[in-house]
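Biologist: Before we turn to details, could you take me through this model step by step, beginning with its charged pairs and then moving on to its sheets, helices and cores?

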Amino acid sequence: MELALVGAGRMGRMHLRALDPAGGRTAAVRVTDVVEPIAAAREVLRGAGYRVHATLADLLAAGRPDGVLVAAPTDRHAEVARTALGAGIPVLCEKPAGLTWQEAEETGRVADDRGVVFQVAYWRRFVPAMVALRERIVAGELGQILHVVCAQWDGAPPPAQFRHGSGGAFVDMGVHEFDVVRWLTDQSVASVAAVQTPALDAAARPDADNAQALLGLSGGTTAAVSLGRHHPGGDLVTIEVFGSAGHERSTVLDPRDGDEPLLEALARQADSFAELVRGGPRRGAGTADAVAALRVAARASEALSENPVAVIET
(Lines give C-alpha, C1' and ligand atoms only; values in the text may rest on other atoms or scores of the structure.)
Protein backbone atom coordinates (compact mmCIF):
# COMPACT_ATOMS: atom_id res chain seq x y z
CA MET A 1 0.00 0.00 0.00
CA GLU A 2 1.44 3.36 -1.05
CA LEU A 3 0.73 6.26 1.30
CA ALA A 4 1.08 10.01 0.98
CA LEU A 5 2.20 11.67 4.21
CA VAL A 6 0.80 15.16 4.90
CA GLY A 7 3.10 17.02 7.29
CA ALA A 8 6.78 16.25 7.86
CA GLY A 9 7.14 17.74 11.33
CA ARG A 10 8.26 15.77 14.37
CA MET A 11 5.52 13.13 14.20
CA GLY A 12 5.59 13.00 10.42
CA ARG A 13 9.30 12.21 10.52
CA MET A 14 8.57 9.45 13.05
CA HIS A 15 6.16 7.88 10.57
CA LEU A 16 8.75 8.12 7.82
CA ARG A 17 11.29 6.32 10.01
CA ALA A 18 8.76 3.67 11.03
CA LEU A 19 7.72 2.94 7.43
CA ASP A 20 11.17 3.19 5.86
CA PRO A 21 11.69 -0.07 3.92
CA ALA A 22 15.30 -0.12 5.10
CA GLY A 23 14.06 -0.51 8.66
CA GLY A 24 12.33 -3.79 7.87
CA ARG A 25 9.38 -3.06 10.18
CA THR A 26 6.70 -3.51 7.49
CA ALA A 27 6.55 -4.96 4.01
CA ALA A 28 2.89 -4.02 3.52
CA VAL A 29 3.08 -0.22 3.57
CA ARG A 30 5.43 2.45 2.29
CA VAL A 31 5.35 6.23 1.93
CA THR A 32 5.91 7.42 -1.62
CA ASP A 33 4.76 11.07 -1.43
CA VAL A 34 5.07 13.82 1.17
CA VAL A 35 3.11 17.06 1.39
CA GLU A 36 5.18 19.69 3.20
CA PRO A 37 4.79 23.48 2.93
CA ILE A 38 8.38 24.35 3.91
CA ALA A 39 10.57 24.43 0.79
CA ALA A 40 13.82 23.51 2.54
CA ALA A 41 12.20 20.46 4.09
CA ARG A 42 10.82 19.42 0.70
CA GLU A 43 14.31 19.48 -0.78
CA VAL A 44 15.62 17.20 1.95
CA LEU A 45 12.73 14.81 1.40
CA ARG A 46 13.22 14.88 -2.36
CA GLY A 47 16.85 13.96 -1.82
CA ALA A 48 15.68 11.01 0.26
CA GLY A 49 13.70 9.68 -2.70
CA TYR A 50 10.17 10.89 -1.92
CA ARG A 51 7.90 12.68 -4.36
CA VAL A 52 7.18 16.02 -2.70
CA HIS A 53 4.32 18.50 -2.94
CA ALA A 54 3.78 21.92 -1.40
CA THR A 55 0.04 21.43 -0.85
CA LEU A 56 -2.52 18.65 -0.66
CA ALA A 57 -4.10 20.07 -3.82
CA ASP A 58 -0.77 19.59 -5.62
CA LEU A 59 -0.67 15.96 -4.47
CA LEU A 60 -4.21 15.24 -5.66
CA ALA A 61 -3.52 16.93 -8.98
CA ALA A 62 -0.45 14.71 -9.49
CA GLY A 63 -2.20 11.40 -8.79
CA ARG A 64 -4.16 9.37 -6.30
CA PRO A 65 -2.31 7.53 -3.50
CA ASP A 66 -3.71 4.38 -1.93
CA GLY A 67 -4.14 6.28 1.33
CA VAL A 68 -3.28 9.50 3.13
CA LEU A 69 -1.44 9.63 6.46
CA VAL A 70 -2.26 12.94 8.18
CA ALA A 71 0.51 14.28 10.44
CA ALA A 72 -0.20 17.98 9.92
CA PRO A 73 -0.62 20.27 12.98
CA THR A 74 -3.66 19.44 15.11
CA ASP A 75 -5.61 22.49 14.00
CA ARG A 76 -5.42 21.22 10.40
CA HIS A 77 -6.34 17.56 11.03
CA ALA A 78 -10.01 17.99 10.17
CA GLU A 79 -9.43 20.06 7.02
CA VAL A 80 -6.81 17.72 5.56
CA ALA A 81 -8.63 14.51 6.47
CA ARG A 82 -11.95 15.68 5.06
CA THR A 83 -10.35 16.82 1.80
CA ALA A 84 -8.76 13.41 1.29
CA LEU A 85 -11.90 11.54 2.34
CA GLY A 86 -13.98 13.74 0.07
CA ALA A 87 -11.74 12.63 -2.80
CA GLY A 88 -12.48 9.01 -1.89
CA ILE A 89 -9.04 8.32 -0.39
CA PRO A 90 -8.71 6.29 2.85
CA VAL A 91 -7.22 8.27 5.74
CA LEU A 92 -5.06 7.35 8.71
CA CYS A 93 -5.09 10.52 10.81
CA GLU A 94 -2.81 11.33 13.71
CA LYS A 95 -4.60 11.80 17.01
CA PRO A 96 -6.64 13.65 18.09
CA ALA A 97 -8.17 14.10 14.59
CA GLY A 98 -9.33 17.62 15.46
CA LEU A 99 -9.26 20.20 18.21
CA THR A 100 -12.78 19.31 19.37
CA TRP A 101 -14.96 16.25 19.45
CA GLN A 102 -17.36 17.97 17.07
CA GLU A 103 -14.59 18.28 14.46
CA ALA A 104 -13.72 14.59 14.76
CA GLU A 105 -17.38 13.61 14.59
CA GLU A 106 -17.93 15.62 11.41
CA THR A 107 -14.83 14.08 9.80
CA GLY A 108 -16.18 10.64 10.58
CA ARG A 109 -19.49 11.64 9.01
CA VAL A 110 -17.67 12.59 5.80
CA ALA A 111 -15.97 9.18 5.77
CA ASP A 112 -19.27 7.38 6.32
CA ASP A 113 -21.06 9.39 3.64
CA ARG A 114 -18.35 8.53 1.11
CA GLY A 115 -17.93 4.95 2.31
CA VAL A 116 -14.19 5.52 2.84
CA VAL A 117 -11.97 4.09 5.58
CA PHE A 118 -11.03 6.50 8.38
CA GLN A 119 -8.69 5.39 11.17
CA VAL A 120 -7.27 7.48 14.03
CA ALA A 121 -3.67 6.88 15.04
CA TYR A 122 -3.81 5.85 18.68
CA TRP A 123 -0.60 3.84 18.53
CA ARG A 124 -0.73 2.55 22.12
CA ARG A 125 -3.20 -0.05 20.84
CA PHE A 126 -0.36 -1.63 18.84
CA VAL A 127 2.20 -2.00 21.62
CA PRO A 128 2.52 -5.78 22.28
CA ALA A 129 2.56 -5.33 26.06
CA MET A 130 -0.64 -3.28 25.89
CA VAL A 131 -2.35 -5.85 23.66
CA ALA A 132 -1.33 -8.64 26.07
CA LEU A 133 -2.57 -6.61 29.06
CA ARG A 134 -5.94 -6.04 27.42
CA GLU A 135 -6.23 -9.76 26.67
CA ARG A 136 -5.52 -10.56 30.34
CA ILE A 137 -8.16 -8.08 31.46
CA VAL A 138 -10.74 -9.45 29.01
CA ALA A 139 -9.98 -13.00 30.17
CA GLY A 140 -10.59 -11.96 33.79
CA GLU A 141 -7.07 -12.78 34.96
CA LEU A 142 -6.82 -9.56 36.99
CA GLY A 143 -10.33 -9.90 38.40
CA GLN A 144 -12.44 -6.78 38.80
CA ILE A 145 -10.42 -3.81 37.56
CA LEU A 146 -10.29 -1.33 40.42
CA HIS A 147 -7.87 1.38 39.31
CA VAL A 148 -5.74 2.34 36.29
CA VAL A 149 -2.83 4.78 36.40
CA CYS A 150 -1.47 6.28 33.16
CA ALA A 151 1.50 8.63 32.96
CA GLN A 152 2.89 10.48 29.94
CA TRP A 153 5.80 12.83 30.57
CA ASP A 154 7.66 14.38 27.65
CA GLY A 155 11.38 14.99 27.74
CA ALA A 156 10.93 18.73 27.18
CA PRO A 157 8.10 21.10 26.25
CA PRO A 158 7.43 21.77 22.56
CA PRO A 159 7.71 25.34 21.22
CA ALA A 160 5.14 27.83 22.49
CA GLN A 161 3.76 28.28 18.96
CA PHE A 162 2.98 24.56 18.74
CA ARG A 163 1.34 24.59 22.15
CA HIS A 164 -1.02 27.40 21.15
CA GLY A 165 -2.34 25.38 18.21
CA SER A 166 -2.42 21.97 19.90
CA GLY A 167 -5.48 22.42 22.09
CA GLY A 168 -3.56 22.24 25.36
CA ALA A 169 -2.23 19.34 27.41
CA PHE A 170 -5.46 17.38 27.72
CA VAL A 171 -6.04 17.47 23.93
CA ASP A 172 -2.42 17.21 22.81
CA MET A 173 -1.31 14.56 25.34
CA GLY A 174 -4.25 13.39 27.41
CA VAL A 175 -6.31 11.91 24.60
CA HIS A 176 -3.77 9.09 24.28
CA GLU A 177 -4.34 8.11 27.90
CA PHE A 178 -8.10 8.65 27.80
CA ASP A 179 -8.25 6.32 24.80
CA VAL A 180 -6.10 3.62 26.35
CA VAL A 181 -8.11 3.65 29.58
CA ARG A 182 -11.35 3.12 27.63
CA TRP A 183 -9.76 0.50 25.38
CA LEU A 184 -8.21 -1.53 28.21
CA THR A 185 -11.24 -1.54 30.50
CA ASP A 186 -14.03 -1.48 27.91
CA GLN A 187 -15.68 1.19 30.07
CA SER A 188 -16.75 4.73 29.27
CA VAL A 189 -15.79 7.78 31.30
CA ALA A 190 -18.58 8.87 33.65
CA SER A 191 -16.92 11.67 35.65
CA VAL A 192 -13.83 13.88 35.38
CA ALA A 193 -11.89 16.00 37.88
CA ALA A 194 -8.72 17.88 36.94
CA VAL A 195 -5.89 20.07 38.23
CA GLN A 196 -2.85 21.55 36.52
CA THR A 197 0.31 23.61 36.87
CA PRO A 198 0.32 26.40 34.25
CA ALA A 199 3.27 26.54 31.87
CA LEU A 200 6.45 27.87 33.45
CA ASP A 201 7.08 29.64 30.14
CA ALA A 202 4.53 32.47 30.21
CA ALA A 203 4.55 32.59 26.39
CA ALA A 204 3.08 29.05 26.30
CA ARG A 205 0.09 29.76 28.53
CA PRO A 206 -2.74 28.87 28.87
CA ASP A 207 -1.14 25.46 28.21
CA ALA A 208 0.05 23.53 31.26
CA ASP A 209 3.36 21.92 32.14
CA ASN A 210 1.65 19.46 34.48
CA ALA A 211 -1.97 18.32 34.11
CA GLN A 212 -3.69 15.61 36.12
CA ALA A 213 -7.13 14.05 35.65
CA LEU A 214 -9.06 11.67 37.87
CA LEU A 215 -11.68 9.66 36.01
CA GLY A 216 -14.65 7.68 37.22
CA LEU A 217 -15.57 4.93 34.77
CA SER A 218 -18.94 3.41 33.95
CA GLY A 219 -18.08 0.03 35.51
CA GLY A 220 -16.94 1.45 38.84
CA THR A 221 -13.22 1.57 38.00
CA THR A 222 -11.27 4.75 38.69
CA ALA A 223 -8.34 6.03 36.64
CA ALA A 224 -5.64 8.62 37.21
CA VAL A 225 -4.00 10.29 34.21
CA SER A 226 -0.72 12.15 34.75
CA LEU A 227 0.63 14.44 32.02
CA GLY A 228 3.84 16.45 32.10
CA ARG A 229 6.08 18.51 29.84
CA HIS A 230 9.33 18.16 31.83
CA HIS A 231 11.01 14.76 32.13
CA PRO A 232 14.68 15.61 31.47
CA GLY A 233 15.67 11.98 30.98
CA GLY A 234 13.47 11.69 27.88
CA ASP A 235 9.92 10.71 26.93
CA LEU A 236 8.31 8.38 29.47
CA VAL A 237 4.97 6.54 29.17
CA THR A 238 3.80 4.06 31.81
CA ILE A 239 0.60 2.28 32.74
CA GLU A 240 -0.40 0.40 35.88
CA VAL A 241 -3.55 -1.68 36.43
CA PHE A 242 -4.83 -2.77 39.83
CA GLY A 243 -7.37 -5.59 39.89
CA SER A 244 -9.03 -7.61 42.63
CA ALA A 245 -7.05 -10.67 41.54
CA GLY A 246 -3.86 -9.19 40.10
CA HIS A 247 -1.73 -6.21 39.26
CA GLU A 248 0.42 -5.28 36.28
CA ARG A 249 2.72 -2.35 35.59
CA SER A 250 4.22 -1.70 32.16
CA THR A 251 6.55 0.91 30.69
CA VAL A 252 5.38 1.74 27.18
CA LEU A 253 8.15 4.26 26.44
CA ASP A 254 11.40 4.35 28.38
CA PRO A 255 14.16 6.88 27.58
CA ARG A 256 16.68 4.02 27.75
CA ASP A 257 14.97 2.30 24.81
CA GLY A 258 14.90 5.33 22.53
CA ASP A 259 12.21 5.56 19.84
CA GLU A 260 12.16 1.92 18.79
CA PRO A 261 8.98 0.87 20.69
CA LEU A 262 7.13 3.81 19.13
CA LEU A 263 8.45 3.07 15.64
CA GLU A 264 7.45 -0.59 15.90
CA ALA A 265 3.94 0.38 17.05
CA LEU A 266 3.57 2.91 14.21
CA ALA A 267 4.51 0.23 11.69
CA ARG A 268 1.98 -2.24 13.14
CA GLN A 269 -0.62 0.51 13.08
CA ALA A 270 0.05 1.20 9.39
CA ASP A 271 -0.25 -2.51 8.66
CA SER A 272 -3.64 -2.55 10.41
CA PHE A 273 -4.74 0.40 8.27
CA ALA A 274 -3.76 -1.41 5.09
CA GLU A 275 -5.62 -4.50 6.32
CA LEU A 276 -8.74 -2.43 7.03
CA VAL A 277 -8.63 -0.78 3.61
CA ARG A 278 -8.45 -4.21 2.01
CA GLY A 279 -11.63 -5.29 3.81
CA GLY A 280 -10.12 -6.76 6.97
CA PRO A 281 -11.21 -6.16 10.56
CA ARG A 282 -10.74 -2.85 12.37
CA ARG A 283 -7.99 -3.17 14.95
CA GLY A 284 -7.26 0.53 15.36
CA ALA A 285 -9.32 3.43 16.66
CA GLY A 286 -12.24 4.87 14.73
CA THR A 287 -14.40 7.96 14.82
CA ALA A 288 -16.26 6.99 17.99
CA ASP A 289 -12.97 6.46 19.83
CA ALA A 290 -11.61 9.85 18.74
CA VAL A 291 -14.84 11.57 19.74
CA ALA A 292 -14.88 9.86 23.15
CA ALA A 293 -11.27 10.86 23.94
CA LEU A 294 -11.87 14.47 22.92
CA ARG A 295 -15.06 14.60 24.99
CA VAL A 296 -13.06 13.60 28.06
CA ALA A 297 -10.43 16.24 27.22
CA ALA A 298 -13.18 18.86 26.99
CA ARG A 299 -14.64 17.78 30.33
CA ALA A 300 -11.19 17.96 31.93
CA SER A 301 -10.77 21.50 30.63
CA GLU A 302 -14.21 22.42 31.96
CA ALA A 303 -13.27 20.97 35.35
CA LEU A 304 -10.20 23.20 35.40
CA SER A 305 -12.28 26.30 34.74
CA GLU A 306 -14.50 25.38 37.67
CA ASN A 307 -11.52 24.89 39.98
CA PRO A 308 -8.73 27.13 38.66
CA VAL A 309 -5.26 27.04 40.21
CA ALA A 310 -3.06 30.04 40.81
CA VAL A 311 -0.63 31.02 38.06
CA ILE A 312 2.98 30.47 39.06
CA GLU A 313 4.99 33.62 38.44
CA THR A 314 8.63 33.13 37.40
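Biologist: How many salt bridges does the count come to?

Modeller: The model is a predicted one, and side-chain atom pairs enter a count only at pLDDT 80 or more. A pair qualifies if a side-chain nitrogen of Lys or Arg lies within 4 Å of a carboxyl oxygen of Asp or Glu. By this rule the number of salt bridges is 23.

Biologist: With which residue does K95 form a salt bridge?

Modeller: K95 sits in the loop between strand 5 and helix 5, and its partner belongs to helix 8, 77 residues apart from it along the chain. K95 counts as buried because its relative accessibility is 12%, and the partner counts as buried too, at 10%. The closest N and O atoms are 3.6 Å apart, and the residue that pairs with K95 is D172.

Biologist: Which residues are linked with K95 and D172 in a network of salt bridges?

Modeller: The pair of K95 and D172 belongs to a network of salt bridges, whose other members are R163, D207, D209 and R229.

Biologist: Is E248, which forms a salt bridge with R136, buried or partly exposed?

Modeller: R136 lies in helix 6 (residues 128-138) and E248 in strand 12, with their positions 112 residues apart in the chain, and their closest N and O atoms are 2.4 Å apart. R136 has a relative accessibility of 27% and therefore counts as partly exposed. For E248 the value is 19%, and since the cut-off for burial is under 20%, E248 is buried.

Biologist: In what order do the strands follow one another in the sheet with mixed pairing?

Modeller: Strand 9 (residues 208-217) and strand 10 pair in the antiparallel sense over 7 bridges, whereas strand 7 (residues 145-153) and strand 10 pair in the parallel sense, also over 7 bridges. Strand 11 (residues 236-243) runs antiparallel to strand 12, joined to it by 6 bridges. The edge strands, each of which pairs on one side only, are strand 8 (189-198) and strand 12 (247-253). The sheet is open and has 6 strands, in the order 8-9-10-7-11-12.

Biologist: Which residue is the bridge partner of V148 in strand 10?

Modeller: Strand 10 (residues 222-228) is mostly covered, with 5 of its 7 residues buried. On the side of strand 9, L214 stands opposite A224. On the side of strand 7, with which strand 10 pairs in the parallel sense, the bridge partner of V148 is A223.

Biologist: Which residue takes a positive phi in the hairpin of strand 9 and strand 10?

Modeller: Strand 9 and strand 10 pair in the antiparallel sense, and their hairpin has 4 residues between the strands. The positive phi is near 95°, and the residue that takes it is G220.

Biologist: What is the strand order of the sheet with parallel pairing?

Modeller: Within this sheet, 4 bridges join strand 1 to strand 4, which run parallel, and the bridge partner of V6 in strand 4 is V70. This open sheet of 6 strands has the order 3-2-1-4-5-6. Its edge strands, each pairing on one side only, are strand 3 (51-53) and strand 6. The average twist from one strand to the next is 25°.

Biologist: At about what angle does helix 4 run to strand 5?

Modeller: In helix 4 (residues 77-86), the buried residues are H77, A78, V80, A81, A84 and L85, and what covers them includes strand 1, helix 3, strand 4, strand 5, helix 5 and strand 6. Helix 4 lies across strand 1, strand 4, strand 5 and strand 6, and its angle to strand 5 is about 175°.

Biologist: Which helix gives the most to the largest nonpolar core?

Modeller: Nonpolar side chains tend to be buried together in soluble globular proteins. Here the largest nonpolar core has 76 residues, and F170, F178, L215 and I239 are among those with the most contacts inside it. F178 touches residues including F170, A213, L215, V225 and A293. The greatest contribution, 10 residues, comes from helix 8.

Note on methods:
Residues numbered from 1 in each chain as written. Predicted model: local features only at pLDDT ≥ 70, side-chain atom pairs only at ≥ 80, totals over all residues. Heavy atoms only, no water. Buried < 20%, exposed > 50% of the residue type's maximum accessible area, 1.4 Å probe, protein only. Helix = DSSP H or I, 4+ residues; strand = E, 2+ residues; numbered from the N terminus. Pairing = 2+ DSSP bridges. Contact = heavy atoms within 4.5 Å. Core = buried A, V, L, I, M, F, W, Y, C linked by side-chain atoms within 4.5 Å. Axes fitted to C-alpha atoms, helices over the stretch in contact; angles between N-to-C directions. Lists of a residue's contacts leave out its neighbours within four places in sequence.
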